[in-house]
Amino acid sequence: MKKIKASIKGVHGYVPDYVLTNAELETMVDTNDEWITSRTGIKERRILKGENAGASLMMVKAVQGLLEKTNTNPVDIDMVICCTSTPDLVFPATANIVGTQVGAVNAFGYDIQAACSGFLYGLVTGSQFIESGRFKKVLVIGGDKMSSIIDYKDRATCIIFGDGAGAVLLEGNEEDNGLIDFWLRSDGGGEPYLHMLAGGSRKPASHETVDKKEHFVYQDGKTVFKFAVTNMAYAAEQVMKRNELKAEDVAYLIPHQANKRIIDATAKSMGIEDEDKILMNIEKYGNTTNGTIPLLLWDFENKFKKGDNLILAAFGGGFTWGAAYLKWAY
Ligand code: COA
């Protein structure tokens with residue numbers, strides 16, 4: 001029997017309407033458009049407004065669009081994997097909230113928390129259930145409402161992050177298209193450089209944690225930058241080497257959108273010089289954490305051809321990092 005590969009059968013995304021521009025940030029913190037653009041490549045990001053609007057709101061919209069465009073009945077979904085660092089609640093899982101709201105009544109689901117590498121981890125995890133033949137349809141969702149954990153008085157972080165979500169539908173493929181290989185790693189030694197200190201079991205919320213602003217993202221940008229450049233590039237190189245791929249064999253690099261300079265450096269070490277192959281939308285969304293890769297697939301979906309070799313690469317808090325090689329299936 002031919003081995004089943006797990007392939008993406010459709011992708012859809014959602015970003016909120018509110019656009020937070022560099023010009024508006026200039027009125028909030030001591031920064032300027034020139035600095036932000038040259039250091040990060042970001043021009044604007046989307047912000048989810050509204051009371052009780054959690055990350056699930058964006059995920060539900062992304063999934064509803066995905067089900068419609070792939071003509072999928074939600075009762076046929078077997079599994080919902082939700083990759084997020086900003087769940088609606090500490091528990092229950094956001095996957096349950098989303099699954100129920102989209103009508104995936106025959107599915108089970110859970111969340112994956114791996115910071116900016118979460119979607120990549122989720123894609124690989126969901127693929128195992130398809131490859132084993134256990135499930136036929138798996139939803140992998142990546143999204144974050146980063147604005148809920150950002151201090152808009154901290155110029156080191158507020159210029160970078162934005163809100164957004166995307167989702168893919170995984171199904172089996174017998175034409176050799178789909179996930180071919182992956183290389184994932186994590187290292188808890190990264191904790192001091194990128195984290196949110198309070199709100200977990202080590203430091204539950206208190207007046208003190210609020211006063212100390214410990215419910216916001218803390219980032220040592222320089223250290224994160226160095227690790228991101230080295231590790232994202234290394235992971236992508238490993239996947240290329242193992243599959244004997246040269247730069248010319250890669251149709252597109254789909255990198256986590258953390259910083260344009262990190263993306264450029266990753267592409268360079270992979271030997272990819274053709275800028276058209278390096279996909280970016282960081283200028284309009286910023287870093288949406290778990291949302292970046294599915295939003296990128298959504299924005300550029302029309303460019304991909306069946307059989308195209310795509311390399312996905314990510315780096316995030318933890319530290320977490322990795323790369324995946326997949327052949328586009330449609
Ligand atoms: N606007 C203007 N100036 C700023 C600024 C801002 N928003 N933020 C910092 N600066 C200043 C600093 O105070 C510093 O000034 P000084 O030289 O007088 O001390 C100067 O700009 C350089 O700061 P530095 O932190 O060295 O900048 P950088 O080149 O490292 O860029 C980041 C900062 C955050 C853009 C960069 O480190 C980065 O992208 N890191 C990785 C972040 C990331 O990807 N995180 C998510 C991982 S998934």
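## Around the ligand

A nitrogen atom of the ligand lies 3.0 Å from a backbone N or O atom of Gly221, a polar contact (a pair of N or O atoms within 3.5 Å). Lys222 joins in through its side chain, where an N or O atom is 2.5 Å from an oxygen atom of the ligand. A polar side-chain atom of Arg155 lies 2.8 Å from an oxygen atom of the ligand. In total, 23 residues surround the ligand, and the closest are Thr31, Arg39, Gln219, Lys222 and Asn259; a residue counts if one of its heavy atoms lies within 4 Å.

This is a predicted model, where local features need pLDDT of at least 70 and side-chain atom pairs need pLDDT 80 or more, while totals for chains, interfaces and linings use all residues. Residues are numbered from 1 along each chain, and side-chain values use heavy atoms, without hydrogens or water.

## Helices α3 and α4

Let's turn to the helices. Helix α3 (residues 55-69) packs against helix α4 (residues 94-102) at an angle of about 45°, their axes 9 Å apart. That makes α3 oblique to α4, since oblique covers angles that are not under 35 degrees, over 145 or from 65 to 115.

Where do they touch? Among the residues in contact (heavy atoms within 4.5 Å) are Met59 and Val63 in α3 and Ile97 and Val98 in α4. By class, this contact has seven nonpolar, four polar and no charged residues.

## Helices α7 and α8

Helix α7 (residues 221-242) and helix α8 (residues 260-269) cross at roughly 35°, with axes coming within 9 Å. Their contact divides into seven nonpolar, two polar and two charged residues.

How values were computed:
Axes are lines fitted to C-alpha atoms, for helices over the stretch in contact, and angles run from 0 to 180 degrees between N-to-C directions. Helices (H or I, at least four residues) and strands (E, at least two) are DSSP runs, numbered from the N terminus. Ala, Val, Leu, Ile, Met, Phe, Trp, Tyr, Cys and Pro count as nonpolar, Asp, Glu, Lys and Arg as charged, and the others, Gly among them, as polar. A polar contact is a pair of N or O atoms within 3.5 Å; within protein, one must be able to donate a hydrogen and the other to accept it, and residues adjacent in sequence count only if both atoms are side-chain atoms.
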